[in-house]
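Biologist: I would be grateful for a close look at a single part of this structure, explained step by step for a first-year student. Please begin with the terms that the explanation needs, and then show how the part relates to its surroundings.

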Amino acid sequence: MAEKNREKEVIIPTMCASHCGGTCLLRVHVKDGVITRVETDDGEEPQLRACMRGRALRQRVYAPNRVLYPMKRKGERGEGKFERISWDEALDKVAAELKRVRENYGPKSILFLPMAGDLGSLHSIMTIDRLLSLAGGYTTWWGTTSFHGGVFASFLTYGTVFCSNTRNDLPNSRLIIMWGWNPAITQTGTNTAWFLARAKEGGTRIIAVDPCYGDTAAAFAEEWIPIKPGTDAAMAIAMAYVMIQENLHDQKFLDTYTVGFDKFREYVLGSEDGVAKTPTWAEAITGMPTATIERLARDYATTKPAALMSGIAPGRTTYGEQFHRATITLAAMTGNVGRSGGDAGARAWESILGGYPYKAMGLGAAIPFTFNPVEDLTKSDGVILGYTYPKIHYTRVADAILKGKAGGYPADYKMAFIVNCDYLNSLPNINKSVKALKELEFVVVEEQFMNTTARYADIILPTSTFVEREDIVFGVGMAYCGPQRKIIEPIVESKPHNDIAKALAVKMGIDNYDEETEEDRLKQLADMVDIPDYELFKEKGVHWIERSEPYVAFKQQIEDPKKHPFTTPSGKIEIYSQQIADINNPLIPPIPKYLEAWEGPNDPLAKKYPVQLITNHCKRRSNSQFDTFPWLRELVPQVISISVKDAEFRGIKDGDMVRVFNDRGETVLPARVTQRILPGVANLPEGAWYNPDEKGIDRAGSANILTRDEPSPAGSFPYNSVLVQIEKVEGVK
Ligand SMILES: Nc1nc2c(c(=O)[nH]1)N[C@H]1C(S)=C(S)[C@@H](COP(=O)(O)OP(=O)(O)OC[C@H]3O[C@@H](n4cnc5c(=O)[nH]c(N)nc54)[C@H](O)[C@@H]3O)O[C@H]1N2
Ligand SMILES: Nc1nc2c(c(=O)[nH]1)N[C@H]1C(S)=C(S)[C@@H](COP(=O)(O)OP(=O)(O)OC[C@H]3O[C@@H](n4cnc5c(=O)[nH]c(N)nc54)[C@H](O)[C@@H]3O)O[C@H]1N2
Ligand SMILES: [Mo]
């Protein structure tokens, strides 16, 4: 009997791509419509091996906190009391509310708050985006939570955000500087750590510049440079000083490919403002000894080729844009741009959006793009990327809801449609976001789980996971794509995103949402990316886009600059950017500069709140996703890491409960006392599900209870510019 049942078990390959920068192969065992076991790639290198989160798929799909039916709020908003209703009733209500709010207040009062999810091409945020556009429009946000500083710097310096080499070029480097980059945890490409291992085996030197001694540094780095958060631009600029003084920079490269180096040199040497940006100047800011800064500058300038892998977390600070502009300048000064084994020093998401030679984008590529009719492209400054009227910077959404037109925002906001976004948990200043959500007339959330944000919904539309629908996803860091397969039926009454949007379109009387079938859409996309045989693709689970050698960004521009100018106004790498100068804001200077951050160690607020908090991405989660699954919780508890020195000073022992607080909020969780973090800094990984007690104190260790809801001038999200105090909670273990 057992034998017979085993025969019925099938193994279906599919791709997990759950907003972590990894796109990994899962081999899912299924029997009688139930997932029984999950394996991963064990084929040829480079394998697309899934991490512990992907391997915990069964806990995700069959989680007790999945939303199984459409739900309607019963108690107060946020109380978490719901009753089951039918899809018909739920969609009728949402359609009626959209109509009521649009007619009474205008389309701008409808807030559409999407994020990412499984990075699917079909079942993504672009479904509801299209629907709301067809229905007359909406207000949404601008700014990329992940890497707006990187996007801004890349676009204005290189004329593009496509700046990354494929990961298989890493072993060609002789020196890799991991500057706020921890890919063994954050993926940013499934194989990144494997390629770092190949590099190290081949003799590449690896150095980490990071306030934390992360797992990637522990595995690969020969040196850890524990810099103070938010001070990275000062260190990079002082490195430029050393290179200029010692004539280590590549003047020929600068003359041929860049504009504005002279202006930058004036600033660095001090002729602009009377302050020479010496290593001693930077030591006082960064906490790094002069000798360390000099050594890193010399190493980077003289070891060729060298890859300065700037992470995106140092850009998630006040003036984070300046860090990215500065590292790009260093890459140009050392002639590492467009060169195998080098790196352009810029950072956005190193995927298809990183400009590899794919033909199509990932997220939402299978849904026809629809222009939002309330958007006015003429009312944008064209430089602060993504801002067009009436968009609101995502850090400002709560403020906009609370203040509306009276606070200078384009509308009074009355309803929110939240899709693939744990808005309350993920955006800064949770206490303010809670207040704001309570103010709205109607909140609809499309969710898989009864999470922090879903609790604040009036209607929850249950959506299915990536093993309950067909889709196509794209690789990050390497050129490939893979199918997401409908391995089981949607759990109970949940539905895939596109089916929800289609059904809602019918209720709203919109007849042109999409006449094509799901299969046609996916086949068209497969054709666009030259997948030769769609059925075989689904069977194999991966399609590699063939290349004989690693892709190197800007190779053409460097090899043949006349034929291939950079796509900037000058046709060159713009160390000085006239476009930025035209914004005319001293806090967004046209050359990279170090500007002292608010909520940094020198902010007067540091007297009251002396600890610099950073909020790293967590091994057990993908942002807020996966937070509640027991297997993962057992492996990685939610703790705040503090240094031995800070702990001793406060009488805190490893495992003690501590309160972490500032004027915005308070959270209580266990402390991890460690040597692996710079004294004066604490790391509270983002994404734990906010769980307030009766006094409003969070008991989950949710980072955004503490963060500030204000963007950096050019749009970076300063999640890592936060001052707090930490105290032992007496009598609690
Ligand atoms: N496991 C896991 N993987 C993920 C995610 C996740 O939540 N979990 N999220 C995904 C998403 S959406 C994104 S955008 C990326 C995020 O990827 P990253 O932004 O690269 O991830 P972080 O963990 O925030 O930070 C990376 C490193 O930067 C360091 N760092 C923090 N602040 C500073 C600073 O001011 N200066 C310097 N030099 N270093 C600093 C941290 O200590 C950490 O070692 O990861 C993706 N991958
Ligand atoms: N303090 C602090 N906060 C941060 C950051 C930080 O570094 N520090 N990082 C920021 C960054 S980089 C990002 S990108 C944002 C992320 O912010 P979010 O995108 O809000 O984070 P996720 O946890 O990925 O949330 C996705 C939500 O969509 C739901 N969902 C609905 N349908 C689907 C689906 O089909 N598939 C999937 N996978 N999910 C679905 C998930 O259950 C989950 O609740 O957070 C930001 N928040
Ligand atoms: Mo992100």
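Modeller: A residue is called buried when its relative accessible area is under 20% and exposed when that area is over 50%; between these limits it is partly exposed. The model considered here is a predicted one.

Arg 265 provides a first use of these limits. Its relative accessible area is 25%, and therefore Arg 265 is classed as partly exposed. Asp 262 has a value of 47%, so Asp 262 is also partly exposed. These two residues form a salt bridge, in which the closest N and O atoms are 3.2 Å apart. Side chains of opposite charge can pair when their charged atoms come close. Both Arg 265 and Asp 262 belong to helix 12, residues 261-269, where they are three residues apart, about one turn of the helix.

A second pair has another setting. Arg 347 forms a salt bridge with Asp 343, and the closest N and O atoms are 3.0 Å apart. With a relative accessible area of 2%, Arg 347 falls under the limit and so is buried. Asp 343, at 3%, is therefore buried as well. A third salt bridge joins the side chains of Asp 646 and Arg 650, with 3.6 Å from N to O. Asp 646 and Arg 650 are four residues apart in helix 25, residues 644-650, so about one helical turn separates them. Both of these residues are buried. In total the model contains 51 salt bridges. Some are joined together: Lys 93, Glu 97, Arg 100 and Glu 441 are linked in a network of salt bridges.

The part that merits the close look is a sheet. Six strands form this open sheet, in the order 5-4-16-15-14-6, and their pairing is mixed. Strand 5 (82-84) and strand 6 (110-114) stand at the edges; each has a single partner strand, so one side of each is without a neighbour in the sheet. From one strand to the next, the twist averages 20°. Strands of a sheet pair through backbone hydrogen bonds, either parallel or antiparallel.

The individual pairings may now be taken in turn. Strand 4, residues 71-73, pairs with strand 16 in the antiparallel sense over two bridges. Here Met 71 stands opposite Ile 460 of strand 16. Strand 16 also pairs with strand 15, in the parallel sense and over four bridges. In this pairing Glu 447 stands opposite Pro 462 of strand 16. Strand 15 (residues 442-447) in turn runs parallel to strand 14 (residues 415-419), and five bridges join them. Phe 417 has Val 444 of strand 15 as its bridge partner.

Strand 16 deserves particular attention. In a regular strand the side chains alternate between the two faces of the sheet. In strand 16, residues 459-462, Ile 459 and Leu 461 lie on one side, while Ile 460 and Pro 462 lie on the other. All four residues are buried, and both faces of strand 16 are thus covered.

Beyond the sheet, the packing of helices can be described in a similar manner. The axes of helix 10 (residues 232-245) and helix 14 (residues 290-302) come within 9 Å and cross at roughly 65°. Helix 10 is therefore roughly perpendicular to helix 14. Their contact involves Met 235, Ala 238 and Met 239, among others, from helix 10, and residues including Ile 293, Leu 296 and Tyr 300 from helix 14. This crossing is right-handed.

Another pair of helices offers a second case. Helix 6, residues 148-158, and helix 15 have axes that come within 8 Å and cross at roughly 40°. The two helices are therefore oblique to each other. The crossing of helix 6 and helix 15 is right-handed. Among the residues in contact are Gly 149, Phe 152 and Tyr 158 of helix 6, together with His 324 and Ile 328 of helix 15.

Finally, Ala 313 is found in the loop between strand 12 (306-310) and helix 15 (320-333). The C-alpha atoms of Ala 313 and Gly 149 are 9.7 Å apart in space, although 164 residues separate the two in sequence. Leaving aside residues up to four places away in sequence, Ala 313 touches Gly 180 and Asn 720. Its relative accessibility is 25%, so Ala 313 counts as partly exposed.

Definitions and conventions
Residues numbered from 1 in each chain as written. Chains lettered and ligands numbered in written order. Predicted model: local features only at pLDDT ≥ 70, side-chain atom pairs only at ≥ 80, totals over all residues. Heavy atoms only, no water. Pairing = 2+ DSSP bridges. Axes fitted to C-alpha atoms, helices over the stretch in contact; angles between N-to-C directions. Salt bridge = Lys/Arg side-chain N within 4 Å of Asp/Glu carboxyl O. Buried < 20%, exposed > 50% of the residue type's maximum accessible area, 1.4 Å probe, protein only. Parallel < 35°, antiparallel > 145°, perpendicular 65-115°, else oblique. Left-handed = near helix turned anticlockwise from the far one by under 90°. Contact = heavy atoms within 4.5 Å.
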